[in-house]
Amino acid sequence: MSNPIKDSIFKELFEDRTVFYDFLKAFLPKEITKQIKETDLKREQTELIGKDFSVKRSDILYKIEKGNAPKGVQGNGQDIYIYLLLEHQSKVDQLMAFRMLAYKVRIWEQYVNSHKKESEQKGFKLPVIIGIVFYNGKAKWTSPMDVKEKITEIKNMEEYLIKANYELINLSNIKEETIINMKNALGVILLTDKPNVKIKNAEELLKIINEEIISKLPKEEQEKFDKHRNAFIELFGKRTDYKEIEERYEELKEMEVPKMFDTLEEIAKRDREKAKVEGKLEERKELIIEILNQRFGEDFDKSLEEKI
């Protein structure tokens, strides 16, 4: 099922053009991104794109303004759209290629409706749409990358197969070192949300983020992180399930960044020590039950276990 909390966190994050631009530079082919300027990007509305589908998803649509299309991209000189679908499903959608094609058709419909006069001309062409799925689920992504693979192949009818693929950004497949080396605010948030991060505990994760990323960020990126710190706090709280973070959320939002990290480390340390004490108590409980079972055997009242 969809994760509405993560949906809203990342939708708000990528609605910031500077963060979205960082995302494109990190994960799209360099021959495309090196020719896109941040100022070329204009965010568009997406309310009508995903309508009528049973599963509600969060999406972001940006347009590269006419005349600023990257060289070498089909439709040079026309508007180009970049459509990002945020996929936080616990189950991989095997129809993703079909859905992405359907979303693209909706974008083209909107484009034609807003260019009615031009669309009647022989030379009119539809814009290129770069479809991207950003997936940060734990399950392995097994959905086909092209709608062609979801269409039945019949001998001598191959030419009727539709080819329509999408770019997949799978957070699980991105190495921690790669994210750390991004050296920007986006990298901090991605590392915090990475499902299979190879870090032993929350304290170590905070230390890496604070010492290896935050402290080395240029001023501009530090300001960007401060602007989106809410996303970091919410994702870290969701990852660790620390109640104290939820209770002190408003307080954490207002702290200076260094103090915020110190406070989060203190929370993580307290939780670890609490878990250690609870673990020892559980071990003692199991030992007492084992001794009583050996001493009284079948005469031991099992209902007493919960009271120990």
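How many of the 308 residues of this protein chain count as buried? The figure is 44%. Before I go on, please keep in mind that what you're looking at is a predicted model.

Okay, the overall picture. The protein chain has 13 helices and five strands. If you take the contacts with a separation of 6 or more, 63% of them are between residues 24 or more positions apart. As for the outside, the accessible surface comes to about 18,400 Å², and carbon and sulfur atoms account for 49% of that.

Let's go to the loop between β4 and β5. β4 covers 128-135 and β5 covers 167-170, and I've picked two residues from the loop that joins them.

Start with S143, which sits in that loop. Is S143 buried or exposed? It's buried, because its relative accessible area is 5% and the cut-off for buried is under 20%. So who are its neighbours? Leaving out residues up to four places away in sequence, S143 touches V92, D93, Q94, L95, M96 and Y166. Have a look at D93 in particular: its backbone oxygen is 2.8 Å from a polar atom of the S143 side chain.

Now the other one, Y160, also in the loop between β4 and β5. Y160 has 61% relative accessibility, so it counts as exposed; the cut-off there is over 50%. And Y160 has company: together with I154 and M157 it makes a nonpolar surface patch of about 350 Å².

While we're here, a quick stop on strand β4 itself, where you'll find V128. V128 is partly exposed, at 21% relative accessible area. Along the chain, V128 and D79 are 49 residues apart, yet their C-alpha atoms are separated by 7.5 Å.

Last stop, helix α10, residues 229-240. Here's a little check you can do yourselves. The helix has 12 residues, and at 1.5 Å a residue they should span 16 Å. The span counts one less than the number of residues, by the way, so don't multiply by the full 12. What do the end C-alpha atoms say? They're 16 Å apart, which agrees.

Which residues of α10 are buried? The list is R229, A231, F232, I233, L235, F236, G237 and T240. Right after the helix comes D241, and the thing to note about D241 is a positive phi, near 60°.

That's my tour, so over to you.

Note on methods:
Residues numbered from 1 in each chain as written. Predicted model: local features only at pLDDT ≥ 70, side-chain atom pairs only at ≥ 80, totals over all residues. Heavy atoms only, no water. Helix = DSSP H or I, 4+ residues; strand = E, 2+ residues; numbered from the N terminus. Buried < 20%, exposed > 50% of the residue type's maximum accessible area, 1.4 Å probe, protein only. Contact = heavy atoms within 4.5 Å. Areas by Shrake-Rupley, 256 points an atom, 1.4 Å probe, with all protein chains shown as cover. Patch = residues over 30% accessible without salt bridge, like charges linked within 9 Å, V, L, I, M, F, W, Y side chains within 5 Å. Salt bridge = Lys/Arg side-chain N within 4 Å of Asp/Glu carboxyl O. Polar contact = N/O pair within 3.5 Å; in protein donor to acceptor, adjacent residues only side chain to side chain.
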